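Visitor: I should like a close look at one aromatic side chain in this model and at the pairings around it. Please then follow the aromatic and charged pairs through the rest of the chain.

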Amino acid sequence: QSIGGVINYITKAPPLEPSGAVSLAGGSRNFFKTYTTLGGTWGKVKLLLDYTRKQGDGARENINSEINDVTGKIGVSVGKKGSVVLKLNYYGEESQVTYAGLTELEYQENPRANPFQDDHFEASRFGMHSIYYYPLTEKSVLTTNVYGYFIRRDWWRQHHNGVNNNVIPATETETKPDTAVTGRLRDYWVYGVEPRLNLNSS
């Protein structure tokens with residue numbers, strides 16, 4: 001289940017045979033990305049573990065990010081026809097990133113400048129999704145989804161010389177960061193149960 005349930009992401013299923021793979025990528029501005037996957041099927045049990053690590057510097061000074069994404073999936077056959085799939089996921093991000101721009105004079109002097117070195121963004125997401133699948137007949141299938149996730153999003157923003165610490169007046173020629181920071185701290189809980197009966201009329 002995605003945020004709001006608007007889009008349902010289809011994640012990779014565990015492979016039928018034990019297998020694994022590792023990919024690496026790197027580039028300028030300290031970019032680095034690695035993806036590791038392991039999984040297989042053993043009797044009635046299917047397992048999958050995915051890990052992604054991504055990091056790099058932004059297009060401006062004092063901007064960088066580090067992301068870790070781990071997903072584990074286990075599927076078990078139940079009885080003669082049913083099956084249960086459990087998926088667990090953790091996403092973590094720690095970034096030095098700003099929401100503020102530059103004045104016209106600052107941009108002309110250095111378009112990649114960023115005076116807000118104390119802006120900091122942290123986010124974490126813990127998710128769980130379980131699916132029970134049971135074919136009633138050749139043309140009808142009963143599925144029950146149980147899902148939930150918790151998101152913590154903390155964004156610490158450095159004060160500056162703007163009006164109400166927001167819009168910088170047109171009379172100012174430069175951005176003047178302050179030493180104080182203010183946190184925009186958010187926590188979100190989402191959970192639900194979704195039974196569904198699928199009928200094939202063909």
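**Tyr134 and the pairs beyond it**

Guide: Tyr134 has a relative accessible area of 28% and is therefore partly exposed, since that class covers values between 20% and 50%. Please note that the model is predicted.

The setting of this residue comes first. Tyr134 belongs to strand S6, which spans residues 120-137. Leaving aside residues up to four places away in sequence, Tyr134 is in contact with Lys81, Gly82, Val141 and Leu142. A further spatial relation concerns Ser83: its C-alpha lies 6.7 Å from that of Tyr134, although the two residues are 51 positions apart in sequence.

Strand S6 is paired with two strands. With S5 it runs antiparallel, and 13 bridges join the two; one of the residue pairings recorded for S6 is that of Tyr90 with Phe126. With S7 the sense is again antiparallel, over 17 bridges. S6 and S7 form a hairpin, with two residues between the strands. Within this pairing, Tyr132 has Thr144 of S7 as its bridge partner. In a regular strand, side chains alternate between the two faces of the sheet.

The aromatic pairs may now be considered. A pair of rings is described by the distance of the centres and the angle of the planes. The count of such pairs in the model comes to five. One of them joins Tyr99 and Trp155, an edge-to-face arrangement with 6.3 Å between the centres and 90 degrees between the planes. It links distant parts of the chain, 56 residues apart: Tyr99 sits in the loop between strand S5 (82-96) and helix H1 (104-109), whereas Trp155 lies in strand S7. The two partners fall into separate accessibility classes: Tyr99 is partly exposed at 30%, and Trp155 is buried at 16%.

Tyr134 itself takes part in another aromatic pair, with Tyr132 as partner; this one is stacked, with centres 6.3 Å apart and planes at 10 degrees. An angle under 30 degrees counts as stacked and one over 60 degrees as edge-to-face, so the 10 degrees of the tyrosine pair and the 90 degrees of the Tyr99 and Trp155 pair receive opposite labels by this rule. Tyr132 is partly exposed, with a relative accessibility of 31%, and Tyr134, at 28%, is partly exposed as well.

Returning to Tyr99 and Trp155, these residues form one aromatic cluster together with Phe121. A charged residue accompanies two rings of this cluster. Arg157 lies over the face of Tyr99, at 4.4 Å from the ring centre, and also over the face of Trp155, at 4.3 Å from the ring centre.

The charged pairs complete the account. Four salt bridges are counted in the model. One of them connects Asp50 and Lys12, whose closest N and O atoms are 3.9 Å apart. Asp50 is located in strand S3 (residues 45-57) and Lys12 in the segment before strand S1 (19-27), so this salt bridge ties together parts that are 38 residues apart in sequence. The cut-off for a salt bridge is 4 Å, and the 3.9 Å of this pair satisfies it. Asp50 is buried, with 14% relative accessibility, whereas Lys12 is partly exposed at 40%.

A second salt bridge is formed by Glu66 and Arg53, with 3.7 Å between the closest N and O atoms. Here Glu66 comes from strand S4 (residues 64-78) and Arg53 from strand S3, so parts 13 residues apart in sequence are tied together. In this pair the acidic partner, Glu66, is partly exposed at 36%, while Arg53 is buried at 18%.

Another salt bridge brings the account back to strand S7: the side chains of Arg152 and Asp187 meet at 3.0 Å, N to O. Arg152 lies in S7 (residues 140-158) and Asp187 in strand S8 (residues 181-199), and this pair links distant parts of the chain, 35 residues apart. Both partners are partly exposed, Arg152 with a relative accessible area of 38% and Asp187 with one of 43%.

Strand S7 thus recurs in this account: it pairs with S6 over 17 bridges, contains Trp155 of the edge-to-face pair, and carries Arg152 of the salt bridge to S8.

Methods:
Residues numbered from 1 in each chain as written. Predicted model: local features only at pLDDT ≥ 70, side-chain atom pairs only at ≥ 80, totals over all residues. Heavy atoms only, no water. Helix = DSSP H or I, 4+ residues; strand = E, 2+ residues; numbered from the N terminus. Buried < 20%, exposed > 50% of the residue type's maximum accessible area, 1.4 Å probe, protein only. Phe/Tyr/Trp six-rings, centres within 6.5 Å; stacked < 30°, edge-to-face > 60°. Lys NZ or Arg CZ within 6 Å of the ring centre and 35° of its normal. Pairing = 2+ DSSP bridges. Contact = heavy atoms within 4.5 Å.
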